[in-house]
Amino acid sequence: MARILVAGDQLVVRLAWWEQAAARRSGVRVPLTAVRRVTVESDWWRALRGTQQRGITVPGAVCLGARGHQAGEDFVAVRPGRPVVCVELRASAPFRLLAVSSRSAAEAEATARRLRGAAPEIDTSTPWRQPLPVPGESE
C-alpha cells in the first residue's frame, strides 16, 4: 500500500512493487517547498478529479496513477472505503495534487499533521481543498 513519507527536504510517495507496475512509475518525489495545503478527505471518491491518464482503475478496488484535468495532473493511490491524505502542490511541482489512502482516519490525520509541520510555507487559511481553477483564471 502506498505511503507518504518525509525524507529530508522532500515529500516522498512510496509505492508497493505491484503499485509501481500498475502506475508505471517507482514513486513520486517533490520538494517540501512545493506543498501548498494538506487535508484529509474522509470520502475517498472526493479525492478523484479528472480522467485516468496513466495507471489503472479497478472499480470498487483501486485507482492508481496519473489523472488529468484542465489544471494539470494529479497522482492518486486511492482505495475505496479508506480516508485519503490530499496534498495540494504549487504550480512548480509535476502534479497539482497527491492523493494517497491511509488505513485509518487516525493514521491519515497523523500523516497530515506530520506533513503540515514539515512543509515550510503551507497555507492554513482553510481546512478544505480548493476547487480546480476555471480555464483562463490565474492562480
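## The salt bridge between E73 and R54

In this predicted model, E73 counts as partly exposed because its relative accessibility is 22%, a value that is not under the 20% required of a buried residue. R54 is likewise partly exposed, with a relative accessible area of 33%.

The side chains of E73 and R54 meet in a salt bridge, with 3.1 Å from N to O. E73 belongs to strand β7 (residues 72-78) and R54 to strand β5 (residues 51-58), so this pair ties together parts that are 19 residues apart in sequence.

## Other salt bridges

The structure holds four salt bridges. One of them joins the side chains of R37 and E88, at 3.4 Å from N to O. Because R37 lies in strand β4 and E88 in strand β8, the pair links parts of the chain that are 51 residues apart in sequence. Both R37 and E88 are buried.

A further salt bridge is formed by D43 and R46, whose closest N and O atoms are 3.3 Å apart. D43 has a relative accessibility of 31% and therefore counts as partly exposed. R46, at 43% relative accessibility, also counts as partly exposed.

## R67, a buried arginine

R67 lies in strand β6, which covers residues 62-69. What charged partner does the buried R67 have? R67 has no salt bridge, and the nearest side chain of opposite charge, that of D74, is 6.4 Å away. That separation exceeds the 4 Å limit for a salt bridge, so the pair R67 and D74 does not qualify.

Polar atoms nevertheless lie beside the side chain of R67. The backbone oxygen of R49 is 3.2 Å from a polar atom of the R67 side chain. In addition, the side chains of R67 and Q52 are joined by a polar contact of 3.4 Å. Leaving aside neighbours within four places in sequence, the residues in contact with R67 include L48, G50, T51, T57, G72, E73 and V76.

## Helix α2 and its two sides

Helix α2 consists of 14 residues (residues 105-118). At 1.5 Å a residue, the helix should span 20 Å, and its end C-alpha atoms are 20 Å apart, which agrees with that expectation.

Which residues of α2 are buried? They are A108, T111, A112 and L115. Seen down the axis of α2, the buried residues fall within an arc of 100 degrees, so they line one face of the helix. The spacing can be understood from a general rule: an α-helix has 3.6 residues a turn, so residues three or four places apart point the same way.

The buried residues of α2 are covered by elements that include β1 (3-7), β2 (10-14), β4 (35-41) and β8 (84-89). On the other side of α2, A106, R113 and G117 are exposed.

## R24 and its backbone angle

Most residues other than glycine have a negative phi. R24 has a positive phi of about 60 degrees, although it is not a glycine.

Where is R24 placed? R24 is in the loop between α1 (17-23) and β3 (27-31). Its relative accessibility is 63%, which means that R24 counts as exposed, the cut-off for that class being over 50%.

Note on methods:
Residues are numbered from 1 along each chain as its sequence is written. This is a predicted model: local features need pLDDT of at least 70, side-chain atom pairs count only at pLDDT 80 or more; totals for chains, interfaces and linings use all residues. Side-chain values use heavy atoms; hydrogens and water are left out. Helices (H or I, at least four residues) and strands (E, at least two) are DSSP runs, numbered from the N terminus. Buried means under 20% relative accessible area, exposed over 50%, partly exposed in between (1.4 Å probe, protein chains only). Lys and Arg count as positive and Asp and Glu as negative; His and the chain ends are not counted. A polar contact is a pair of N or O atoms within 3.5 Å; within protein, one must be able to donate a hydrogen and the other to accept it, and residues adjacent in sequence count only if both atoms are side-chain atoms. Contact means heavy atoms within 4.5 Å. The expected span of a helix is 1.5 Å times one less than its number of residues. The arc is that of the directions from the helix axis to the C-beta atoms.
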